[in-house]
Amino acid sequence: MQTQHTCVPVWSAAVLSQPYSSLSYAQPPYLPQDIWRPGMRVLVPMGRVNKLCCAVLERSIPASCSEKQLKPIFWPLEKEPLLNPDYLEMLEKVAARQLTTLARVLAFVIPAPLRRVPDGWRDEKNSIIPFSRGWGREEVLFRLAERWTQGRLDTGVSRREGFLVAAAKEPPWPIRPQARVQWAVMDLLYAHGPMPGAGIRAELGQGSGKALKALLDKGLARYCSREEEEERGKYEVFGQGFCFSPGQQKALELLGPKLQEGFRACLLHGITGSGKSLVYLELARQCLEMGRSAIILAPEIAIARNLYQQACSYLSRARVFLHHGSKSPRSKEKFFVELCSGKSPILLVGTRSALFMPVQDAGLIVLDEEHDESFKQDQSIIYQAKEVAWYLAARDNALLVLGSATPDVKTYYAAGKGQVKLVEMQHRIGTSSLPEVEFVDLKEEPAVFGALAKTCAESLQETVKRGEQAVIMHNRRGYSPVLMCKACSETVKCQSCRVGLTYHKKRNRMVCHYCGISISFPPICGHCRGSEFIPVGQGTEKVEEFLTRHLPETTVLRLDRDSTRSPGKSEKILQAFASGEAQVLVGTQMLSKGHSFPEVTLAIVLDGDLGLGLPDYRSTERVFQLLVQLSGRSGRGEKPGKVYIQTRNPQHFCWQYIRDCNYKGFFEQEISRRQKFGYPPFVKLGMIRFSFPDTWNGSADFLAGLRQRAKQAAAAHGVKLLGPAPAVLSRLKNRERYQFLVKAGDWSGIKKAYLEMYPLFQHHRQVRVSLDLDPLNML
């Protein structure tokens with residue numbers, strides 16, 4: 001390839017692979033000079049070997065005539081830019097917010113097939129011409145460029161996706177305890193779902209190939225296509241009828257006109273069972289009639305699918321699409337490209353990642369269950385879906401609706417200040433009413449029926465006898481969260497993390513819920529070498545087993561992360577319960593999110609105190625939201641509902657507000673506490689997290705230097721820096737974890753303090769660091 005010696009146009013290109021940076025490239029002479037535009041995907045050479053990588057053109061920059069020689073762009077991947085300027089600007093805002101590069105954000109949101117380097121050029125005979133044939137031979141490139149301009153040549157498509165490997169059977173698996181690599185492969189497939197063979201080798205090493213072949217031969221693993229797995233996730237989901245209640249009509253009268261008023265943000269505060277979903281769908285219908293698109297987001301895939309099914313029924317003639325992170329890369333690619341080129345209005349239903357689909361001219365954006373933490377992405381590229389939705393709505397002059405029965409305290413505070421319009425729905429649809437809530441003091445009435453106190457056990461048995469349904473929530477999965485050595489009373493802990501291993505009886509494995517490592521049961525005690533262990537405490541698996549055994553004529557289902565790993569499994573469980581195939585549904589907090597079961601008349605919370613003692617300023621708010629939402633699953637039909645919450649701390653202030661479903665009372669108490677102690681919404685909050693190997697000898701000197709730098713940063717930028725302190729989970733995956741809590745009057749102060757400390761982090765290659773603005777997870 002000839003290097004540039006004269007003044008040529010120069011482009012800044014965001015490289016979608018390492019180093020994920022914006023680099024300067026010269027415009028090549030062999031292609032038309034007027035085809036290059038921002039948002040176009042191109043191939044650029046990288047490194048000494050000039051490896052071709054995919055990049056996105058950002059902007060043209062002043063031509064350079066300096067001695068510095070720039071490499072030229074090798075080839076465009078399209079004739080019209082895939083991404084429009086508005087979309088690029090949105091991603092630039094996300095990158096600036098999190099102090100990262102546009103390239104990293106682009107690599108995060110663009111579907112994988114659109115980031116891959118094609119196999120070569122494809123001619124009119126559909127033959128592939130390798131890129132190597134033109135590399136360094138400018139006369140060949142000129143001839144290929146002429147054919148490309150005439151439409152006789154385009155860039156071929158990479159088809160390296162291949163097949164996936166999936167677990168063919170549910171545990172327990174007939175694998176010898178000594179076959180550790182086979183166990184590791186099955187544990188990986190069970191934890192992460194179907195994945196390519198290359199992904200398994202990357203995770204477990206090349207030696208896993210032999211183990212995988214053995215598992216395939218035994219029928220414990222199977223090959224499948226991504227499309228097949230996606231089809232397995234499609235099940236009918238039961239929804240409600242389409243008849244407006246007075247409360248829904250009033251909400252629509254207030255919200256409908258705002259679709260034509262430009263940018264507006266509204267909080268739809270409707271109690272559980274008030275019918276917010278139908279309000280969203282009617283607003284979407286009105287938006288589509290105006291010739292504009294609409295987006296409805298849900299916190300979970302199962303809820304998104306439910307909304308999608310309802311939308312397809314309610315808007316039978318509209319173009320309705322479903323998007324979530326579990327769709328196959330090819331499906332994401334096809335949909336992404338269609339949206340980039342499409343102009344007609346659509347309704348897009350999905351999870352938080354749907355916000356990054358290039359929807360044109362959105363007139364309505366809805367976040368259902370806006371309080372839910374699932375709308376915050378706290379790994380890789382950190383973002384809050386509400387912030388992105390707010391930006392998009394303001395940019396497109398759209399109506400933003402945040403819906404919840406238990407709004408985020410910060411959202412409700414903003415509504416009180418007039419920054420968000422408050423619309424309330426205070427009555428359930430139909431004849432149903434809110435359930436009666438009763439608290440059971442476990443100190444006065446200990447558990448006698450498995451994990452159930454006498455009052456709860458009797459109520460459950462009576463509910464089942466009447467042919468009605470019950471949901472039982474215990475926010476702890478697995479069989480037993482603690483295993484204690486019978487000889488020395490020591491508990492079994494993860495060797496890579498300072499946390500206990502959870503026993504999963506069905507798999508006969510002990511699993512770390514943080515790093516994913518698992519070992520066979522029973523282990524050998526690291527203290528006394530004993531091999532007898534006592535399960536302490538109960539998880540959802542143990543609760544399910546007990547109820548199945550002691551309610552012999554009753555079908556019990558379980559809904560948690562372990563029972564819903566394969567695509568479509570959660571929908572299948574929910575459908576079975578909704579259709580009456582089971583009378584009891586045991587699960588974690590997944591039970592509380594947006595499900596409607598008219599025959600459920602009883603809800604039981606086995607341990608209402610879980611989460612109250614966490615070192616997190618939002619712990620009480622989180623428990624209040626969870627238990628009110630769970631209570632809302634009961635009594636949604638014609639029969640009255642009952643809720644029992646078992647607790648060892650019946651005097652806690654939040655119980656009275658949960659009993660009365662009194663959000664306003666809870667809000668007033670909670671907001672006064674936050675103002676007193678200086679937490680959001682009265683300050684801006686940031687979390688600087690960093691970690692390093694637990695074997696690093698330089699950690700003490702590094703921490704000492706960091707403390708001094710933190711004092712300087714706090715004084716220079718007027719922020720309050722608390723730390724560095726060990727994280728609550730102080731060691732994960734053999735890395736020591738520390739964090740700073742940063743309080744400031746604005747976001748810029750937090751960012752400036754972080755940037756002042758960043759060179760010290762960057763100086764040590766052992767250290768990984770991230771900045772989380774407005775953190776939801778304090779652990």
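**Close-up views of a predicted model**

**View 1. Trp75, Leu83, Leu106 and Ile365 touch the most other members of the largest nonpolar core, which counts 119 residues.** The model is predicted. Trp75 shows how such a residue is surrounded. Leaving aside neighbours within four places in sequence, Trp75 is in contact with Tyr30, Leu31, Val42 and Leu43. Its contacts also include Trp121, Leu141, Leu144, Ala145, Trp148 and Thr155. Another core lies apart from this one and has 33 residues. Among them are Leu278, Leu281, Val349 and Met425. In soluble globular proteins, nonpolar side chains tend to be buried together.

**View 2. Helix α2, residues 102-109, is mostly covered.** Six of its eight residues are buried. They are Leu102, Ala103, Val105, Leu106, Ala107 and Val109. Leu106 also appears in View 1, as one of the residues that touch the most other members of the largest nonpolar core.

**View 3. Gln625 is a buried residue of helix α17.** The helix spans residues 619-631. Relative accessibility at Gln625 is 5%. The cut-off for buried is under 20%, so Gln625 counts as buried. Which residues does Gln625 contact, leaving aside its neighbours within four places in sequence? They are His371, Thr406, Pro407, Asp408 and Arg618.

**View 4. The whole structure holds zero disulfides.** Cys340 is in no disulfide. Its nearest cysteine sulfur belongs to Cys54 and is 13 Å away. Cys340 is buried, with a relative accessible area of 15%. Cys488 is in no disulfide either. Here the nearest cysteine sulfur is that of Cys525, 3.6 Å away. A disulfide needs the two sulfur atoms within 2.5 Å, so the Cys488 and Cys525 pair, at 3.6 Å, does not count. Cys488 is partly exposed, at 28% relative accessibility. A disulfide is a covalent bond between the sulfur atoms of two cysteines.

**View 5. Leu99, Leu755 and Tyr758 make a nonpolar surface patch.** The patch covers about 240 Å². Tyr758 lies in helix α21, which runs over residues 747-763. Is Tyr758 buried or partly exposed? Tyr758 is partly exposed, because its relative accessible area is 30% and that class lies between under 20% and over 50%.

Key:
Residues numbered from 1 in each chain as written. Predicted model: local features only at pLDDT ≥ 70, side-chain atom pairs only at ≥ 80, totals over all residues. Heavy atoms only, no water. Patch = residues over 30% accessible without salt bridge, like charges linked within 9 Å, V, L, I, M, F, W, Y side chains within 5 Å. Areas by Shrake-Rupley, 256 points an atom, 1.4 Å probe, with all protein chains shown as cover. Salt bridge = Lys/Arg side-chain N within 4 Å of Asp/Glu carboxyl O. Helix = DSSP H or I, 4+ residues; strand = E, 2+ residues; numbered from the N terminus. Buried < 20%, exposed > 50% of the residue type's maximum accessible area, 1.4 Å probe, protein only. Contact = heavy atoms within 4.5 Å. Core = buried A, V, L, I, M, F, W, Y, C linked by side-chain atoms within 4.5 Å.
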